[in-house]
Amino acid sequence: MDLHSAGSSAQEGKRPQSKRAFLSILRSMRKFLIGSILIFAVAITVAWLRNPQVFMIAWYQRPKVDTYKDFPTREIEPSSRPFSFPVALADQKRIDDFKVRNWQGDLVPFAEYFEKGELLAFVVIRNDTLIFEKYASDFSGVALSHTFSIGKTMVSLMIGKAIELDYIKSTAQQVVEFLPEFNQIPDFDQVTIEDLLNMKSGLQFNRADGSLFDDLFSHEARFYYTGNLKNDLLQSSFDTLPGTRWHYSNLDPLILTWLVEAATGMYAAEFFEKKVWQPLGAESPASFGIDQPNGLENSPSSFQCTALDLAKVGRLLLNNGRIASTQVLSTTWINESLSIGPSNLNNTAKGRYKRTHQYYWWLPTDGEGDYSAEGMRGQRLYVNPKDQIVIVQLAKKGYGGYPYRDISKYVSDLR
């Protein structure tokens with residue numbers, strides 16, 4: 001017997017078997033892969049149907065100053081009799097050279113603060129006159145920007161105006177008087193308008209922290225990207241008793257926005273346009289983002305306007321709610337909004353001046369009397385009644401410095 005031939009025959013017999021085994025493995029792997037893809041596709045479809053915001057959050061992640069352009073908005077028309085600030089920009093260079101503290105606490109020239117902070121706009125109004133105006137190269141005085149949480153402050157103005165016009169009797173009223181839909185949530189009949197204005201609804205709300213995984217399941221991101229705000233609001237639940245604890249939340253101003261719509265019979269943006277924005281002399285259009293066509297304004301996170309028109313909100317408050325011969329906003333409401341209530345003294349101790357939060361304004365607790373509306377990424381409306389100064393800052397990515405009081409004191413001494 002030829003051993004070599006026998007060995008060769010044995011090997012040749014093994015090769016077809018090995019090939020068949022290999023092909024069988026390949027077929028099994030293909031089936032597994034196809035099955036996995038199908039399971040994944042079904043899981044994605046189910047997840048999309050149950051919570052489409054997750055995909056929006058993953059795609060857009062943390063919203064930028066122009067993210068609003070990708071979503072529906074409700075336009076706000078400017079005034080037919082717009083107001084323009086008189087201009088006196090003689091001190092531009094001196095303010096650019098003035099040293100302010102940046103987010104690290106270092107003293108730097110304001111021009112450096114502007115550039116490295118990636119600011120879009122910075123305007124200073126003193127005694128009703130524009131004395132400083134600076135824009136990024138890709139921005140301008142007629143460009144709209146997201147103002148993020150400054151939209152909450154606009155809701156506060158709407159509530160004050162609705163009370164003045166008797167659509168609402170007082171802040172002590174229960175929310176369910178206007179929105180009986182919320183009776184489906186146990187204990188919601190205890191929530192008052194005052195609770196919502198002071199962010200003391202007691203509703204559970206967790207904020208986005210910038211990490212994708214946590215943001216995917218945060219209430220803040222979910223409510224920013226939702227396509228049905230009213231439905232999602234009605235899924236809310238309590239984690240504390242209403243009126244007992246301050247907790248920064250977008251739910252409270254969202255519910256108030258819905259309440260304005262129910263009380264006035266107008267979209268909140270329409271009411272704001274007719275009763276606040278046009279009477280204060282806005283020169284440019286503005287907008288609120290909405291969750292869907294004919295839907296609700298995403299007021300806490302999506303109000304867009306120009307820097308100079310935002311400054312006119314500060315001017316309105318400096319003038320005790322009066323524009324020329326028209327009382328646009330009641331002095332009583334302004335005083336209520338800006339006089340820190342005893343229960344709000346310890347809401348928070350934010351920043352260098354230990355600011356507390358009331359009626360969607362940030363109020364320093366040291367008695368200086370200045371105040372601000374603030375939005376994510378460094379959007380600011382700062383008002384200093386003592387020096388008759390309004391400052392607006394719009395930024396691209398956010399800036400942690402807070403130079404407004406120092407700039408205010410400096411420019412008040414300029415002659």
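**Exercise 1.** Determine how β6 and β8 pair, and place the pair in its sheet.

*Solution.* Step 1: β6 pairs with strand β8 (residues 303–305) in the antiparallel sense, over 2 bridges. Two strands count as paired if DSSP finds at least two bridges between them; strands are DSSP runs of E, at least two residues, and helices are runs of H or I, at least four residues, numbered from the N terminus. The model is predicted: local features need pLDDT of at least 70, side-chain atom pairs count only at pLDDT 80 or more, and totals for chains, interfaces and linings use all residues. Residues are numbered from 1 along each chain as its sequence is written, and side-chain values use heavy atoms, leaving out hydrogens and water.

Step 2: His146 stands opposite Gln304 in β8.

Step 3: The open sheet has 4 strands in the order β1-β7-β8-β6, with antiparallel pairing. β1 (73–76) and β6 (145–146) are at the edges; each has a single partner strand, so one side of each lacks a neighbour in the sheet.

Step 4: Helix α11 (residues 268–277) packs on the sheet and touches β1, β7 (286–289) and β8, where contact means heavy atoms within 4.5 Å.

**Exercise 2.** Describe the surroundings of Pro285.

*Solution.* Step 1: Pro285 lies in the loop between α11 and β7.

Step 2: Not counting residues up to four places away in sequence, Pro285 touches Ile76, Pro78 and Leu144.

Step 3: Pro285 and Ile76 are 209 residues apart in sequence, yet their C-alpha atoms are 5.6 Å apart in space.

Notes: Axes fitted to C-alpha atoms, helices over the stretch in contact; angles between N-to-C directions.
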